[in-house]
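Here is a friendly walk through one protein chain, taken a region at a time. Keep the 3D view open as you read.

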Amino acid sequence: MLMAGTLAPLLVPERITLNVQSTQRTAALYEVAGLLDGHPAVTDFQGFYNELLARERIDTTCLGNGIALPHARTEHVTRIVMAVGRSDPGVYFDNSNQTIRLIFVLGTPKANAGDYLQIVGVLCRILKDAANRDALLHAPTAGDFIQTLLDLESRVLGLGPAPRGAR
């Protein structure tokens, strides 16, 4: 089971784009999920992406407030993986009639539901606060985005400040 600092092992600058180019849902999902193509824990990217889309067709993964958490529990990943995309103009999610500005793509092994739920819980606690969302929307670089997210995680979990440069 994951403990404090749940998000840190999932966050690397190469898996974060702060300038999603696509404005439509499936194209944006492919753009953000594509950051995981070649990840050592992703054994079959196309299989993972297909399951991500299938999950999205079943029910929207939009949380409101411009946030989406597309995810798949899949045999195509060996451990939890995450990619993040930010879009200043927003991406229109037609299946929920919402414009999304932050996309957190998660892949988790089928047998690892507990850790996945812990990560989603932490993200939801962070993202429900407008000031926290605003801080993430204005982080100038992927490194700053990561540090902001780690600081916010520490705050919502009551852990004190995250170490600088933590990754």
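## The nonpolar cores

Which residues have the most contacts inside the largest nonpolar core? They are L7, M82, F104, L106, L123, F145 and L149, in a core of 31 residues. Two strands and three helices each give two or more residues to this core: β5 (81-93), β6 (98-109), α3 (113-127), α4 (130-137) and α5 (142-156). Please keep in mind that this is a predicted model.

F145 is a good residue to click on here. Leaving aside residues up to four places away in sequence, F145 touches I16, L18, V84, R86, L102, F104, L136 and A139. One of these partners, F104, is also on the list of residues with the most contacts inside the core. Another partner, R86, returns below among the salt bridges. There is also a second, separate core, which has 24 residues and includes V42, V91, I100 and V105.

## Helix α2 and its start

Helix α2 covers residues 45-58, which makes 14 residues. From its first C-alpha to its last, α2 reaches 20 Å, close to the 20 Å expected at 1.5 Å a residue. At the N-terminal end, D44 acts as a cap: one of its side-chain oxygens lies 3.3 Å from the backbone nitrogen of Q46.

Which residues of α2 are buried? They are F45, G47, F48, Y49, L52, L53 and E56. These buried residues pack against α1, β4, β5 and β6. As a reminder for reading such a list, an α-helix has 3.6 residues a turn, so residues three or four places apart point the same way.

## H76, a histidine beside α2

H76 sits in the loop between β4 (71-74) and β5. Is H76 buried or exposed? H76 counts as buried because its relative accessibility is 14%, and the cut-off for buried is under 20%.

The side chain of H76 makes a polar contact of 3.2 Å with the side chain of E51. Not counting residues up to four places away in sequence, the residues that H76 touches are A41, V42, T43, D44, G47, F48 and E51. Among them are D44, the capping residue of α2, and V42, a member of the second core.

## Salt bridges

How many salt bridges does a search of the whole structure find? The search finds three. In general, side chains of opposite charge can pair when their charged atoms come close.

One of the bridges joins R25 and D94, whose closest N and O atoms are 2.8 Å apart. This pair links distant parts of the chain, with R25 in helix α1 (residues 25-33) and D94 in the loop between β5 and β6, 69 residues apart. R25 is buried, at a relative accessible area of 12%, whereas D94 is partly exposed at 47%.

R86, D88 and R101 are linked in a network of salt bridges. R86 and D88 meet at 4.0 Å, N to O, and D88 meets R101 at 3.7 Å. Because D88 lies in strand β5 and R101 in strand β6, this pair ties together parts that are 13 residues apart in sequence. Within the network, R86 is buried with a relative accessible area of 6%, while D88 is partly exposed at 45% and R101 is partly exposed at 29%.

Notes. Residues numbered from 1 in each chain as written. Predicted model: local features only at pLDDT ≥ 70, side-chain atom pairs only at ≥ 80, totals over all residues. Heavy atoms only, no water. Core = buried A, V, L, I, M, F, W, Y, C linked by side-chain atoms within 4.5 Å. Buried < 20%, exposed > 50% of the residue type's maximum accessible area, 1.4 Å probe, protein only. Helix = DSSP H or I, 4+ residues; strand = E, 2+ residues; numbered from the N terminus. Contact = heavy atoms within 4.5 Å. Polar contact = N/O pair within 3.5 Å; in protein donor to acceptor, adjacent residues only side chain to side chain. Salt bridge = Lys/Arg side-chain N within 4 Å of Asp/Glu carboxyl O. Expected span 1.5 Å × (residues − 1).
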